[in-house]
Amino acid sequence: QLGLKTKRFGWNVYDQESVPSTQQLAHQLAHEGAEEGTIVIAEEQTAGRGRLNRIWHSPKGTGIWMSVILRPSIPPQQAPQLTLLVAVAVAQTIQEVTNIVPDIKWPNDILLNGKKVVGILTELQADPDQVQAVIVGIGINVNQKQFPNDIASLATSLAIETGRTFHRPKIVQTLLQKLEQLYEQYLQHGFLPIKLLWEAYAITIGQQIVARTLNGAVRGTALGITDSGTLKLQTEDGAIHYIYSADIEIKKQ
Ligand code: BT5
């Protein structure tokens with residue numbers, strides 16, 4: 001149905017009309033042993049979520065709401081690499097279908113014109129030293145013409161940015177192909193080639209930022225990302241902090 005040329009991704013597709021969250025269904029399937037590359041995709045999510053159980057608006061028929069199951073042999077500490085890998089795949093896809101180069105804001109936002117067009121949510125099923133499954137949720141705003149008030153000033157869609165409407169299955173097909181290419185490269189050559197691609201889209205690096213983590217806020221200069229995908233930040237006193245996940249505010253220079 002998707003006209004795929006992929007080997008790994010998209011052979012096992014759970015195509016749903018309405019689910020609470022594709023992420024929830026993917027977790028359940030992964031627990032039951034679903035193979036790597038399994039995709040859950042839905043027209044609508046009634047309880048789509050972001051990090052820390054925040055709401056992800058997922059209205060019917062307008063966006064791409066999907067979750068992908070990966071089973072790389074890596075320790076849990078390296079899982080942030082996969083958020084960045086998926087972000088590159090989505091950024092390349094957006095660039096190909098719109099001809100606009102999007103920005104990636106570490107760790108999990110993709111922006112067009114400074115507004116969020118994609119959110120990525122990476123969750124693990126893992127033992128202390130080995131990942132069993134990585135469930136990557138991808139939400140792409142495609143054909144929305146407007147957003148609810150609470151996010152109207154921070155969200156955008158491909159349609160708003162281009163004045164066009166898009167055929168979503170074509171975008172999914174492109175995305176799965178990019179994902180497969182990058183994932184094969186990752187398994188064969190490790191994270192470094194992906195990191196280089198990621199850096200070309202990144203807007204956080206070199207900036208003065210505030211990183212809000214569950215343990216409080218840290219203010220400083222974003223120096224770059226490490227080989228495991230964490231953010232390296234230097235505070236004014238010269239101390240280096242490594243940040244696994246946070247909300248980033250970029251300070252105007
Ligand atoms: C994210 O969280 O950005 C991850 C979003 C992942 C969504 C996908 S859709 C398929 C899969 N199934 C799920 O249930 N989830 C995944 P975070 O960085 O925490 O950002 C959440 C914040 O983004 C919210 O608090 C809002 O401010 C904003 N937001 C909510 N819906 C949005 C939308 N459609 N577009 C842009 N921003 C939105």
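Reader: Into which domains is the protein divided?
Author: This is a predicted model, where local features need pLDDT of at least 70, side-chain atom pairs count only at pLDDT 80 or more, and totals for chains, interfaces and linings use all residues. Residues are numbered from 1 along each chain as its sequence is written. Domain bounds come from an automatic or database domain assignment. The protein is split into domain 1 (13–201) and domain 2 (208–250).

Reader: Which element gives the most to the side of domain 1 that touches domain 2?
Author: The C-alpha centres of the two domains lie 23 Å apart. Across the boundary, 11 residues of domain 1 are in contact with 9 residues of domain 2, contact meaning that C-beta atoms, placed from the backbone, lie within 7 Å. Helices (H or I, at least four residues) and strands (E, at least two) are DSSP runs numbered from the N terminus. With 4 residues, the element that gives the most to this side of domain 1 is α2.

Reader: Where does the largest nonpolar core lie with respect to the domains?
Author: A nonpolar core is a set of buried Ala, Val, Leu, Ile, Met, Phe, Trp, Tyr and Cys residues joined through C-beta atoms within 7 Å. Buried means 20 or more other C-beta atoms within 10 Å of a residue's own, exposed 12 or fewer, and partly exposed in between, with C-beta atoms placed from the backbone. The largest core has 68 residues, with L85, V86, A87, V88 and V90 making the most contacts inside it, and its largest share, 10 residues, comes from α2. Domain 1 and domain 2 both give residues to this core, so it lies between them.

Reader: With which residues is V86 in contact, leaving aside its neighbours within four places in sequence?
Author: V86 is one of the residues with the most contacts inside the largest core. Beyond its sequence neighbours, V86 is in contact with I120, V136, I138 and L179.

Reader: Against which elements do the buried residues of α5 pack?
Author: In α5 (residues 192–201), I194, W198 and Y201 are buried. Down the helix axis they fall within an arc of 55°, so they line one face; the arc is that of the directions from the axis to the C-beta atoms. The face turned away from the buried side carries the exposed residues L192, L196 and A200. The buried residues pack against α2 (80–98), β4 (103–105) and α4 (168–189).

Reader: Which elements cover the buried residues of α1?
Author: 7 of the 10 residues of α1 are buried, so the helix is largely enclosed by the rest of the structure. Those buried are T22, Q23, L25, A26, H27, L29 and A30. Their cover includes β1 (13–19), β2 (39–45), β3, β6 and β7.

Reader: Which residues come nearest to the ligand?
Author: A residue is near the ligand if its C-beta atom, placed from the backbone, lies within 6 Å of it. Elements giving two or more residues to this shell are α1 (22–31), β3 (63–70), β6 (115–127) and β7 (130–141). Of the 27 residues around the ligand, those that come nearest are S21, G50, G119, G137 and G139.

Reader: What separates the C-alpha atoms of R71 and E36?
Author: R71 sits in the loop between β3 and α2 and is partly exposed, with 16 other C-beta atoms within 10 Å. Beyond its neighbours within four places in sequence, R71 is in contact with E36 and A133. R71 and E36 are 35 residues apart along the chain, and their C-alpha atoms are separated by 5.5 Å.

How values were computed
Two residues are in contact if their C-beta atoms, placed from the backbone, lie within 7 Å.
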